[in-house]
Amino acid sequence: MQSIASILSLGFLIALIVAIVFGVKWYKSRKDKSGDNYKKNKKRTIVTLVVMAVCLIGGSMAQNEADEEEQAAIEAQDKKNYKGEKEKFIAMYSTLGPAVEQLSEKEGDEWGDAIDNSGYDFDVNSTIDNIEEINSEDIDNVETVLDKLHTTDQKIQDNSYASGKDKKTIHDAYLSLKHFADHATAISGSYDDFTDEHNQMDRETADKLEELQDL
């Protein structure tokens with residue numbers, strides 16, 4: 001349909017030029033209104049103007065239909081993209097959530113063991129540094145997947161097909177898991193705070209996963 005609109009637009013331009021030419025000739029021969037040149041140029045000008053009108057109206061209709069077809073194609077692609085990105089997001093979330101939970105639990109256990117086995121010279125900062133070094137590979141893996149989850153979330157937020165409600169559910173879920181991942185990959189605070197935060201964030205991300213699965 002776009003090609004038809006382009007052809008009609010070109011036809012309109014050609015008809016416009018031809019109408020100007022015949023119109024000028026018609027105007028110049030106006031003194032002899034009974035002459036053949038006057039009559040021929042008048043007829044040609046009118047015919048060309050009719051052709052212009054047909055091309056203009058037809059071109060506008062064809063362009064509108066082409067725009068509608070293009071918009072429908074965009075919406076169909078956005079719908080397909082959203083379905084794929086949503087499934088990808090939920091799959092990554094389902095994998096990353098338990099991984100963060102296991103990492104945080106392991107770090108908490110190691111922190112608790114360090115406290116139990118320590119003397120009066122227990123140092124929190126060195127203990128945290130040691131825990132992060134021991135679990136550096138798992139920390140790197142969590143951060144890598146979290147980056148991919150963030151990218152997928154952004155694609156969904158930019159998708160025109162996804163509803164505002166779905167976007168909010170997905171983004172809120174991402175933020176909850178990001179906070180949980182930050183808790184496990186950048187340890188801070190006291191041991192008691194760490195364990196309390198673990199329990200709270202673990203429950204929250206589990207609730208968010210249920211909301212995602214209901215989409």
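Is His198 buried or exposed, and at what relative accessibility? At 8% relative accessibility, His198 counts as buried, where buried means under 20% relative accessible area, exposed means over 50%, and partly exposed lies in between (1.4 Å probe, protein chains only). The structure is a predicted model, in which local features need pLDDT of at least 70 and side-chain atom pairs count only at pLDDT 80 or more, while totals for chains, interfaces and linings use all residues. Residues are numbered from 1 along each chain as its sequence is written, and side-chain values use heavy atoms, with hydrogens and water left out.

The overall fold comes next. The protein chain contains 6 helices and 0 strands, and along the sequence it follows the pattern α-α-α-α-α-α. Helices (H or I, at least four residues) and strands (E, at least two) are DSSP runs, numbered from the N terminus. Of the 215 residues of the chain, 32% count as buried.

His198 belongs to helix H6, which covers residues 191-213. With its 23 residues, H6 reaches 33 Å from its first C-alpha to its last, close to the 33 Å expected at 1.5 Å a residue; the expected span is 1.5 Å times one less than the number of residues. The buried residues of H6 are Phe194, His198, Met201, Asp202, Thr205, Lys208, Leu209 and Leu212. Along the chain, His198 and Ala184 are 14 residues apart, and their C-alpha atoms are separated by 8.5 Å.

Helix H3 (residues 124-134) offers a clear view of two sides. Thr127, Ile128 and Ile131 are buried in this helix. Seen down the axis of H3, the buried residues fall within an arc of 100°, so they line one face of the helix; the arc is that of the directions from the helix axis to the C-beta atoms. A general rule helps here: an α-helix has 3.6 residues a turn, so residues three or four places apart point the same way. The face of H3 turned away from the buried side carries the exposed residues Asn125 and Glu133. At the N-terminal end of H3, Asp123 acts as a cap, with a side-chain oxygen 3.3 Å from the backbone nitrogen of Asn125. Such a polar contact is a pair of N or O atoms within 3.5 Å; within protein, one must be able to donate a hydrogen and the other to accept it, and residues adjacent in sequence count only if both atoms are side-chain atoms.

Another contact of this kind is found in the loop between helix H4 (136-157) and H5, where Asn159 lies. The side chain of Asn159 reaches the backbone nitrogen of Tyr161 at 2.7 Å. Asn159 counts as buried because its relative accessibility is 7%. Asp158 is in the loop between H4 and H5 too, but Asp158 is exposed, with a relative accessible area of 64%. Asp158 and Tyr82 are 76 residues apart in sequence, yet 9.7 Å apart in space, C-alpha to C-alpha.

How many salt bridges does a search of the whole structure find? The search finds 3, a salt bridge being a side-chain nitrogen of Lys or Arg within 4 Å of a carboxyl oxygen of Asp or Glu. In helix H2, Lys106 and Glu110 lie 4 residues apart, about one turn of the helix, and their side chains meet at 2.7 Å, N to O. Lys106 counts as partly exposed because its relative accessibility is 36%.

Helix H5 (residues 164-185) holds Lys168 and Asp172, which are 4 residues apart, about one turn of the helix. The closest N and O atoms of this salt bridge are 2.8 Å apart. Lys168 is exposed at 54% relative accessibility, whereas Asp172 is partly exposed at 23%. Lys178 and Asp182 form a salt bridge as well, with the closest N and O atoms 2.9 Å apart. Being 4 residues apart in helix H5, these two residues are separated by about one helical turn. Asp182 is partly exposed at 30% relative accessibility, and Lys178 is partly exposed at 28%.

Finally, the surface also has a nonpolar patch, formed by Ile46, Val50 and Val54, with about 260 Å² of accessible area together. Patches are made of residues with over 30% relative accessible area and no salt bridge: like charges are joined within 9 Å, and nonpolar side chains (Val, Leu, Ile, Met, Phe, Trp, Tyr) within 5 Å. Accessible areas come from the Shrake-Rupley method with a 1.4 Å probe, and for residues only the protein chains shown count as cover. Ile46 sits in helix H2 (residues 36-116) and counts as partly exposed, at 41% relative accessibility.
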